[in-house]
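Got your viewer open? Let's take a walk through this protein, one selection at a time.

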Amino acid sequence: MTVEPSFLQYDERIQEGDTVIVYVTYGQMVPTVVKRGQTLMMKYGALRHEFIIGKKWGQRLSATAGYVYILRPSSDLWTRSLPRRTQILYTADCAQILSLLDAKPGSIICESGTGSGSLSHAIALTVSPNGHLYTHDIDETRTTKVLEEFKHHGLSTVTTAVVRNVCTSGFHVENSADGVFLDVPAPWEAIPFAAKSLSRAKGGRLVSFSPCLEQVQRACLAMAAAGFVCIETIELVPEQKKIVGQHRQTLEEFEEIGDAYPKERKRNQEGQLVENTPRVSTAIVFPYSQPTHTGYLTHATLLPVLD
């Protein structure tokens, strides 16, 4: 059965027009729209799109100079491979923001600014199929580009992207949103408009991302003035680690034998005694360079208005 290419629904096998994530190496993933007659050039040589069509998701394919994997897009993979037009929010931030917004299928969420669309895709996939994302940006070029991506990814029915300065003109909708996210230089100017966009009958959540504490302080004061409660700021600093074996030496061993690894005697398969250096498992930071957008997330709640 053939379905329209979409981030929300795919056939078991890749079809022409699907967006695929070509996994080349840990640090290189290439988003590609599959079209006959096209060829992808990369580190491991060339890969003709005809060889991708009809293959199963996750399958390993042979290029002219190595192997790659063809992955189905997700919000995380899109964040790691998308064309960057601005600094982006990474997966750890996106996940925390979605939780703080209490975003779920059917939610109506307002976002500003759109940027490269990393968080926008995460929100759209979360609120689908019957929710909606209204994303705002002051740059028409970025808005036009994210509209094209929403269309190609099958997310047009759950998204609306508009060119708008929310700090001066407010949001596209009023008295209907369940949550508002702000990533703007002066969030305190947009907070009164955010309060107007939230549903008065149900209330809602507000989350603001700021890179420095001076912005956080002004945003907190503006939230309190606009009627928000339970105002809190958190800092998210994710770190990946791996377990490795390392040689360890106690102070007693150092005093006894000096700067040398202690030996222990064991028998091998032939029954002979051999000396081994004991290894201790420990966690180290890996990879050593880990991309993340360090900043502060300030979140608050607007209570419903009781008649």
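How many disulfides does a search of the whole structure find? Keep that in mind while you select some cysteines. One thing to know before you click: this is a predicted model.

**Stop 1: three cysteines.** Select C167 to begin. With a relative accessible area of 14%, C167 is buried, because buried means under 20%. Next, pick C212, which counts as partly exposed at 27% relative accessibility. Then jump to C230, where the relative accessible area is 62% and the residue is exposed. Now for the answer to the opening question: the search turns up zero disulfides. If the term is new to you, a disulfide is a covalent bond between the sulfur atoms of two cysteines.

**Stop 2: unusual backbone angles.** Stay on C230 for a moment, in strand β12, which covers residues 229-235. Its phi is positive, about 55 degrees, although C230 is not a glycine. Why look twice at that? Most residues other than glycine have a negative phi. Now select D102, another non-glycine residue with a positive phi, this one near 55 degrees. You'll find D102 in the loop that runs between α2 (91-101) and β7. At 46% relative accessibility, D102 counts as partly exposed.

**Stop 3: helix α3.** Select residues 118-127 to light up α3. Is this helix largely enclosed or largely open? Eight of its 10 residues are buried, so α3 is largely enclosed by the rest of the structure. Color the buried ones if you like; among them are L119, H121, I123 and V127.

**Stop 4: the loops on either side of α3.** Go to the loop between β7 (108-112) and α3, where G113 sits. The peptide bond from S112 to G113 is cis, with omega near -5 degrees. Now hop over to the loop between α3 and β8 (132-137), home of P129. Here too you get a cis peptide bond: it joins S128 and P129, with omega about 10 degrees. For context, most peptide bonds are trans.

**Stop 5: T25 and its company.** Finally, select T25 in strand β1, residues 19-25. Which residues does T25 contact, leaving aside its neighbours within four places in sequence? They are K43 and Y44. Add Y69 to your selection and draw a line between the two C-alpha atoms: T25 and Y69 are 44 residues apart in sequence and 9.3 Å apart in space.

How values were computed:
Residues are numbered from 1 along each chain as its sequence is written. This is a predicted model: local features need pLDDT of at least 70, side-chain atom pairs count only at pLDDT 80 or more; totals for chains, interfaces and linings use all residues. Side-chain values use heavy atoms; hydrogens and water are left out. Helices (H or I, at least four residues) and strands (E, at least two) are DSSP runs, numbered from the N terminus. Contact means heavy atoms within 4.5 Å. Buried means under 20% relative accessible area, exposed over 50%, partly exposed in between (1.4 Å probe, protein chains only). A disulfide is a pair of cysteine sulfur atoms within 2.5 Å.
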